[in-house]
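Work through the exercises below with the sequence and the coordinates open. Each task is followed by a solution in steps.

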Amino acid sequence: MYSDKVMDHFRNPRNVGEIPDANGIGQVGNEKCGDIMKIYLKIEDDMIKDVKFKTFGCGAAIASSSMATELIKGKSVEEALKLTNKAVMEALEGLPPVKIHCSVLAEEAIKAAIDDYHQRAGQ
Amino acid sequence: MMKDIYLDHAATTYTDRRVLKEMLPYFNEIYGNPSSLHETGRKAAKAVATARAQVAAAINAKPEEIYFTAGGTESDNWALRIALAGKDKKDCHIITSAIEHHAILHACQQLEKEGCAVTYLPVDEYGRVSVDSVSQALKPNTVLVSIMAANNEIGTLEPIREIGAILKDKPTLFHTDAVQAMGAVPVNVEDWGVDMLSMSAHKFYGPKGVGALYVRKGIKIVSFIHGGAQERRHRAGTENVPGIVGMGKAIELAQESLSEESARLTTLRDKLINGIIERIPEIRLDGHPTERLPNNVHFCFKYIEGEALLLSLDAEGIRASSGSACTSGALDPSHVLLALGLDHGTAHGSLRITLGHVTTEDDIDYVLDTLPGIVERLRMMSPLFNQQEGGKTLV
């Protein structure tokens with residue numbers, strides 16, 4: 001049911017953890033629906049120097065978080081804001097229809113973390 | 001070598017090779033249609049009759065009270081229709097429980113659309129239906145009480161005999177879905193006082209696609225599937241002869257090994273339950289500690305999600321199951337877990353491990369060696385798990 005890419009990112013997730021001095025943190029989802037994603041960003045000179053995640057959720061949720069962090073690492077904030085759930089899904093070589101919301105959640109988590117960064121920066 | 005440990009026997013069992021051997025001639029040697037009058041047909045009819053007697057003997061019924069079906073779901077649906085036979089649905093009341101299999105629950109919901117009133121009895125924290133609640137829910141127009149003998153997710157055994165006793169002298173029919181109980185615990189329709197009972201062969205090492213419904217003699221039967229005159233004109237369609245033969249053999253074998261095997265599985269089950277409790281903090285054993293199927297282990301692990309747990313176990317060669325929403329493609333976790341009073345978050349972290357004939361103590365040891373690391377790893381990944389507090393408090 002899952003692509004090899006999803007299984008790879010589920011079993012060997014990239015960028016798991018927290019960033020103690022993160023300057024942008026976003027959390028989306030809720031326990032009731034079974035998925036929570038929390039993204040930590042370290043942004044310097046409008047560049048995403050580091051990104052980490054923590055996720056409560058199914059295989060697709062963990063793989064989507066992992067892939068989304070990979071896709072924005074080293075990118076500019078502007079580029080990161082352009083990340084879509086479709087791009088996450090494509091990079092994962094597809095998700096089953098019932099799991100598409102996981103990629104949506106990953107996109108939202110990144111945007112929430114960038115929003116938090118902008119708010120902290122007073123923008 | 002890569003491990004391959006099947007611990008999902010509640011989902012289905014393999015077909016026992018002795019059962020398969022019994023079935024094989026009925027595909028291409030004794031392939032007659034049991035309705036045919038010639039010798040080829042008569043041989044097939046004889047095989048069906050033998051299987052009917054085997055099934056009847058296993059539950060202390062008469063052969064003429066056994067009707068073969070395509071499985072547990074058909075049996076459940078049919079039982080509901082039989083209870084309503086010749087009655088005005090709008091004046092009928094059915095009592096069932098909140099933790100029934102969807103074959104009963106969704107069929108009851110359909111009957112509600114057709115005008116029936118249905119009471120879904122709640123269960124206690126262990127998943128037990130209270131006998132008193134059945135008495136209290138009874139109305140003069142209650143045509144049927146349908147309570148499962150054993151729950152398919154959490155393994156809790158329901159007080160069927162006690163419910164049977166209170167319904168004994170009442171016109172209300174009593175049906176039990178014994179799909180999980182058959183072959184696992186003694187099933188006796190007289191002792192239990194049930195009027196109808198559903199079973200499915202693939203849960204006790206028989207083939208898929210065949211089941212049976214027991215209907216006590218004297219109860220008016222309405223057909224559910226219309227057509228030919230099979231099953232004494234009550235269930236149309238050419239008999240699944242190999243499947244029926246397999247079901248008969250499987251039930252006979254299950255009866256022979258039942259007491260020994262249930263004792264062996266209970267020991268392994270309790271070793272696994274106690275081992276998990278000793279090794280992993282912040283978990284909940286679901287289902288009744290003792291009044292449960294000999295092969296069922298069910299836990300909720302806080303802060304993590306069941307599908308991730310299941311896939312991680314699968315990667316280590318352990319085949320289990322979960323009641324989390326993600327595994328069913330639904331938005332909500334299992335209705336059974338919610339009926340126990342669990343919150344959504346906890347229910348999402350569920351894991352069912354069901355043992356079987358092939359399960360050894362080594363398998364249990366392997367699960368106990370493997371599971372704690374997986375739970376730990378997923379918890380370290382979870383934003384709900386507070387590492388600073390050593391995982392002892394909820395964030």
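Two strands pair if DSSP finds at least two bridges between them. Helices (H or I, at least four residues) and strands (E, at least two) are DSSP runs, numbered from the N terminus. This is a predicted model, in which local features need pLDDT of at least 70 and side-chain atom pairs count only at pLDDT 80 or more, while totals for chains, interfaces and linings use all residues. Residues are numbered from 1 along each chain as its sequence is written, and chains are lettered from A and ligands numbered from 1 in the order in which they are written.

**Exercise 1. Describe the open sheet of chain B that contains β10, and find the helix that packs on it.**

Step 1. The strand order is β9-β10-β12 (chain B), and the pairing is antiparallel. β9 (283-285) and β12 of chain B are the edge strands, each pairing on one side only. Angles here run from 0 to 180 degrees between N-to-C directions, and axes are lines fitted to C-alpha atoms, for helices over the stretch in contact. With direction ignored, neighbouring strands of this sheet are turned by 25° against each other on average.

Step 2. β9(B) and β10(B) run antiparallel and are joined by 3 bridges. Arg284(B) has Cys300(B) in β10(B) as its bridge partner.

Step 3. Helix α10 (residues 241-279) of chain B packs on the sheet and touches β9, β10 and β12 of chain B; its direction makes about 15° with that of β10(B). Touching means contact: the C-beta atoms of two residues, placed from the backbone, lie within 7 Å.

Step 4. Strand β10 (residues 296-301) of chain B is also joined to β12(B) by 5 bridges, and these two run antiparallel. One bridge pair is Val297(B) with Ile353(B) in β12(B).

**Exercise 2. Is strand β12 (residues 350-354) of chain B buried or exposed, and which way do its residues point?**

Step 1. Apply the burial count: a residue is buried if 20 or more other C-beta atoms lie within 10 Å of its own, exposed if 12 or fewer, and partly exposed in between, with C-beta atoms placed from the backbone. In β12(B), 5 of the 5 residues are buried, so the strand is largely enclosed by the rest of the structure.

Step 2. In a regular strand the side chains alternate between the two faces of the sheet. Here Ser350(B), Arg352(B) and Thr354(B) point one way from β12(B), while Leu351(B) and Ile353(B) point the other way.

**Exercise 3. Classify Leu338(B) and Leu342(B) by burial and list their contacts.**

Step 1. Leu338(B) lies in helix α13 (residues 335-339) of chain B. It has 17 other C-beta atoms within 10 Å and is therefore partly exposed. Neighbours within four places in sequence aside, Leu338(B) is in contact with Pro333(B) and Ala347(B). The C-alpha atoms of Leu338(B) and Ile99(B) are separated by 9.1 Å, although the two residues are 239 residues apart along the chain.

Step 2. Leu342(B) lies in the loop between α13 and α14 of chain B. With 21 other C-beta atoms within 10 Å, Leu342(B) is buried. Not counting residues up to four places away in sequence, Leu342(B) touches Cys300(B), Leu337(B) and Ala347(B).

**Exercise 4. Trace the neighbours of strand β3 (residues 93-97) of chain B.**

Step 1. The strand is mostly covered, with 4 of its 5 residues buried.

Step 2. β3(B) runs parallel to strand β4 (residues 117-121) of chain B, and 5 bridges join them. His93(B) has Ala117(B) in β4(B) as its bridge partner. The chain crosses from β3(B) to β4(B) through helix α5 (residues 102-113) of chain B, in a right-handed β-α-β crossover. Right-handed means that, with the strands pointing away from the viewer, the path from the first strand over the helix to the second runs clockwise.

Step 3. β3(B) also runs parallel to strand β5 (residues 142-146) of chain B, with 4 bridges. Thr96(B) stands opposite Ser146(B) in β5(B).

**Exercise 5. Which elements supply the side of chain B that touches chain A?**

Step 1. In total, 19 residues of chain B are in contact with 19 residues of chain A.

Step 2. α11 (306-315), α12 (325-328) and α14 (344-348) of chain B each supply at least two residues of that side. α11(B) gives the most, with 4 residues.

Step 3. What covers the buried residues of α1(A) includes α2 of chain A together with α11 of chain B.
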